[in-house]
Structures are given as C-alpha cells and as structure tokens.
Amino acid sequence: MRFSEFGLNTLKEVPAEAEIVSHQLMLRAGLIRRLASGLFTWMPLGLRVLRKVERIVREEMDRAGALELLMPAVQPAELWQESGRWDQYGSLLLRMRDRHERDYCFGPTHEEVITDIARRELKSYRQLPINFYQVQTKFRDEIRPRFGVMRAREFIMKDAYSFHVDQASLEEGYQRMHAAYTAIFQRLGLRFRVVDADSGEIGGSRSQEFHVIADSGEDAIAYSEEDHYASNIETAITLPPEGSRPAATATMQKVKTPGKKTISDLCEFLDVRPEQTLKTLIVEGETQPVALVLRGDHELNAIKAARLPGVFSPLRMADPKTIREATGSPSGYAGPIGLEIPVFYDHATKPMSDFVCGANEADMHMTGVNFGRDMEEPETVDIRNVVEGDRVPGGKGTLKIARGIEVGHIFQLGTKYSQAMGATVLDQEGNETVMAMGCYGIGVTRIVGAAIEQNHDDRGIIWPDPMTPFDVILVPINMHRSNAVREAAEKLYEELRAMGLEVLFDDRDARPGVKFADAELIGIPHRLVVGERGLESGELEYRHRRDAESQMLKREAALDLLRGA
C-alpha cells in the first residue's frame, strides 16, 4: 500500500479530549476518528488491526468447535422481560420503540436471543453440547464514555454461548473456552493474567476475567507467583490475621476532634497511623441500617459486603439522616461502641488494640479502645479489598497487586436464563431437562486499545507482530529528486510484496524527519530506509520499532531478516 493512496492523516499534537495513552495514540496515528461521545469510526489503518484481531479470535473459536452465527443487534423487549433483565439491567440498556410503539433495545449482550434460538432449535440431548458465537457490534449507554475505545458506548465484541445437558458437560465446555482464550491472547502477543471474578449483571455461578497487564488498567489484580493464584480485587479473599493480639496499654477516653471526619484528618490531628484506627460505615439494610467496621487504612469491598445477611444488595451507603438516627451523630463520627444495629467487623480488626474509633457524637472520637475490655470480642468477616502483602488464600506466599485491562470474561451461567425462558431438551431417559449454559465474551475493539496501553513509548505505538497493520514500512529518502532511489525503492517494494509481506510504502514528497516520526507513531515493527549513500554500498538502513538505533545491512541480509521475521 502506498502512503499517498492510503488517506492516512497523522496528528502531531495530542487531542484535548484524549485522557489515556491508547486514546491519544489511536487518534494521532489515524486509527480512529470520533463521531460523537463514545462513538468512533475505525479508519483504514485501525480497521486493518481490528480485522487481524478478529481473525485470530475466529480461528481459535473455530478450533475449539464453536459455530459462528450472527444475531440481530436490535432485540425485542419481550425476551428481556422473560429473563427479568428489562428492568434489572438499568440505564446502560438503550431502549427504543418502533413505529408501532413496540419496545426494543440495542443489544449490549445476547443471552436472551441465543436462549430463544436454543429453545426453538434444540430438542434432544443428542444435539448437545453445542457452542454458538458471533463477532458483532454492541451498545451500552455508558454514563460517561471515556478512554476512547476502552469504554466506548458502541463496540465490537465476540460473544459465545454454550448449551449442555448437565453441569459436568458445562464444566468441560468452560475449560475448552478457557484454553481457547488463553491461545487467543498468547497468539496476539499480549502479557495477560486470568483472574477469578464476580459475575456482575450477567449472573451465573463461576466466572474468570482475562486481563492485559498495563499500568493504566482500571482494574486491580491480586496475584501470587508462589502458587499461581490470581483474582480481581473484587473477589480476592482475605484471611484472618495470624498471631495474637498485643496487650492493651492505654485507657479508653473520649477526645475532642472538631471537624475531623476523615481518617487522614483524624490521624494528623491525633498523631496516629491509619492502621491504628477503625472506621465505621453505615449502609442500607433490608430492614434496618447495618454498620461495617474496617481498619482505617483498608477499603470496603462492596461486592463482599452486599452478600452479608441483612445488607441491601447492591450495596448502598446510608444517607445523613439515617446515619444520625442510627448513631446519634453526623457522618464521620460513627463508632461501633454502643450501636444498636447489626455490626460486622472485618477480619483485620480482630488483632487491633489501643485503637481509635468514632464516639457516635459530633466532633468526638474514642482513643485507647480495646476489644474484650471496652467492647465485646468481634466475630469477623471478609469485607475489604486485599492489599499487597496479604496472605494468599491457599497459604503459600503473599499477594502482589498489578493493574489490568479486562479484555475477556468467561461465565458458567448454569440455568439462569434457560430456566427463566423455558429452554429444555429431552435427556437420555426421555425426561425434559433444563439446559445448562455458558457465556464467553471478548472485547475485540478493547483489545486494540489494551495492546497499545501495554506496548508504546514516547514516540508512538509498538505493535505486537500479530496485530501490526503492516509488516514493513519502506521509507525512501528524496525519491522525488533521485531516479536511482525511486527505481530501487519501487523494485524493493515489489520484492517485499512478492515475499508475502504487507508493506506500507511511504512515497510522499516529505522530509525524512516527518516520515520517520510517522513510522514510529504508527508503530510498524520493521523499517527499511532506501537512500543514495546506501545504494552506493549496496546497503539498506534497518530498524526494528523496539530498537534504539538503526543498523546498515546488505540488501540480501535485510531481506533474509524479514523472511525470518
């Protein structure tokens, strides 16, 4: 492909609306263009990358025995009402009506549609197991679309759905998809981790996420090298601390703490560390407010807390009026002493002594507080996010925390949708049985952004070889003023193409600096430069995108290098 015919426009300046590196570079390199909030056009260069990702995804899904189909993007409300998600899914669901005032939605996912297909097409256990997949456009009406294609409203997703006669078959199909996803991300050349995860609004009994490791990742991942444990922070388990509690050395007393509502302000005022404090959070309960007590330096895990008995799910913090009624004080001064509502203590609070907590009185806190003396010994539960250094649930080693970008998610749905929608088959005994389901998603467009977040430098994108839009960028110097350079470049261009390489031929009448800057911005792995001095010595200037320096190679040596790339 000749640069002059490719319609590619690069940008020198970072667009003001681009918040993260992948968004900035995708706009600057001409991969995408913004149409409206969360809506992007994939330009020819970006589409080449996207199609390569799709091809690898399709090849591995086909290899795993999945069958490709294509379902409608627009779905009738009746199916979502059958599953119960029409109201449950919330504002992310883009609802619409046709001219006959019938309700539809633009599908963010396709569990209902595929279950409807299954109940119509599958009649016998002999047709199972079966796995259908599609690569299709989805829409989720994000409140605040951001980060370019990473959190866009419209995106391309590969979603697959499997049907099974029993749980054992579902487990086998789930593991097959786990292996297929692992192969996909390995082939794409990405560093990734598989973590245990919460199933969220999709539902089901078990799920795992595939995360591309990147410093800019939205999700925190807890992992251990010692026993290969990995989990999303939302689901990572904390264990009760080992060892005994230090003996009490202080006397409990009430102290004035005017305006000190936050842990940081309180610690500065009393000259104590956050781990010496307790924070008491009041949340909504099913029949009455509930208090959740954590160490001051720890964060509440909303998913864990919402599973506690009597706690409203999804978790909601109590409003100021409810907090005052439950504690007798404004927010910021709640403490566990004397509360007459249910109280849950996190595991990490159990070994604490001589700690600080709220006094349930405005502008007052208690210091020198101890369990067993000033209040009852706590029964503890796991309600916090793990932190680096926590013990691994299996007992081997400690946890580390990394940032990740979720690009894939696999679920064991069980009978959540098939039961609600009456998707049954006849089993071996001729009895009607509800099919078990699995669901497996990959964010195809998000993979492109995640790959850039993981592979870039201050000059631009560095594509993994399987995703690069072109294999080689050919840069002739002053070819519009030198017939020798032009002829050599044209000949080399045809020779590289004959080798089966995808070549971007920068035939523009532009300064070398402009061409080199664009080559690095676009991120093509191999760069060949044709110049008059090289022609005299029979050499080409070669540089890999990851290299700091160029090297001069004999023409045949350069071609041999590319043949083996």
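# A walk through a predicted protein model

Of the 565 residues of the protein, 52% count as buried, where buried means under 20% relative accessible area, exposed over 50%, and partly exposed in between (1.4 Å probe, protein chains only). This is a predicted model, in which local features need pLDDT of at least 70 and side-chain atom pairs count only at pLDDT 80 or more, while totals for chains, interfaces and linings use all residues. Residues are numbered from 1 along each chain as its sequence is written, and side-chain values use heavy atoms, with hydrogens and water left out.

Let's begin with the overall layout. The protein has 15 helices and 30 strands; helices (H or I, at least four residues) and strands (E, at least two) are DSSP runs, numbered from the N terminus. Along the principal axes, the C-alpha atoms fill a box of roughly 90 × 70 × 50 Å. Among the contacts in the protein with a separation of 6 or more, 68% come from residues 24 or more positions apart, a contact being heavy atoms within 4.5 Å.

Helix 11 is a good place to look at burial. Eleven of the eleven residues of helix 11 (residues 444-454) are buried, so this helix is largely enclosed by the rest of the structure. The buried residues of helix 11 include the charged-side-chain names Arg446 and Glu453, along with Val444, Ile447 and Val448. Another buried residue sits in helix 2 (residues 44-63), namely Lys52, which has 10% relative accessibility. Leaving aside residues up to four places away in sequence, Lys52 touches Pro466, Met467, Thr468, Pro469 and Glu502.

Next come the sheets. Strands of a sheet pair through backbone hydrogen bonds, either parallel or antiparallel. Here, two strands pair if DSSP finds at least two bridges between them. One open sheet consists of four strands in the order 14-15-16-19, with mixed pairing. Strand 14 (278-283) and strand 19 (380-381) stand at its edges, and each has a single partner strand, so one side of each is left without a neighbour in the sheet. The partner of strand 14 in an antiparallel pairing is strand 15 (residues 290-295), with six bridges between them. To find this pairing on screen, look for Leu278, which stands opposite Arg295 in strand 15.

Strands 29 and 30 offer another antiparallel pair, and here four bridges join strand 29 to strand 30 (residues 551-554). The two form a hairpin with six residues between them. Within this pair, Tyr542 has Gln551 of strand 30 as its bridge partner.

Strand 29 also leads us to a cavity. The structure holds one cavity of 30 Å³ or more. On a 1 Å grid over the protein atoms alone, a cavity is a set of points where a 1.4 Å probe fits but cannot get out, and lining residues have an atom within 4 Å of a point. The largest cavity has a volume of about 80 Å³; grid points are joined across faces, edges and corners, and a volume is the space filled by probe spheres set on the points. Helix 13 (512-522) and strand 29 (539-544) each supply at least two residues of its lining. The lining includes Arg459, Ile473, Ala519, Glu520, Arg543 and His544. By class, it has four nonpolar, one polar and six charged residues, with Ala, Val, Leu, Ile, Met, Phe, Trp, Tyr, Cys and Pro counted as nonpolar, Asp, Glu, Lys and Arg as charged, and the others, Gly among them, as polar.

What about disulfides? The count comes to zero, a disulfide being a pair of cysteine sulfur atoms within 2.5 Å. The sulfur of Cys105 is 15 Å from the closest cysteine sulfur, in Cys439, which is too far for a bond. Cys105 is buried, with a relative accessible area of 0%, and Cys439 also counts as buried, at 5% relative accessibility.

Finally, some backbone details in the loops are worth a look. A cis peptide bond with omega of about -5 degrees joins Leu128 and Pro129, and Pro129 lies in the loop between helix 5 (111-121) and strand 7 (130-139). The peptide bond from Ser313 to Pro314 is cis too, with omega near 0 degrees; Pro314 is in the loop between helix 8 (302-306) and helix 9 (320-327). Asp354, a residue other than glycine, has a positive phi near 50 degrees and is found in the loop between strand 16 (343-346) and strand 17 (355-358). Asn360 is not a glycine either, yet has a positive phi of about 55 degrees. Asn360 lies in the loop between strand 17 and strand 18 (364-369) and counts as buried, at 14% relative accessibility.

Conventions. 1 Å grid on protein atoms, 1.4 Å probe; cavity = no way out; pocket = protein on both sides within 12 Å on 5 of 7 lines; lining within 4 Å.
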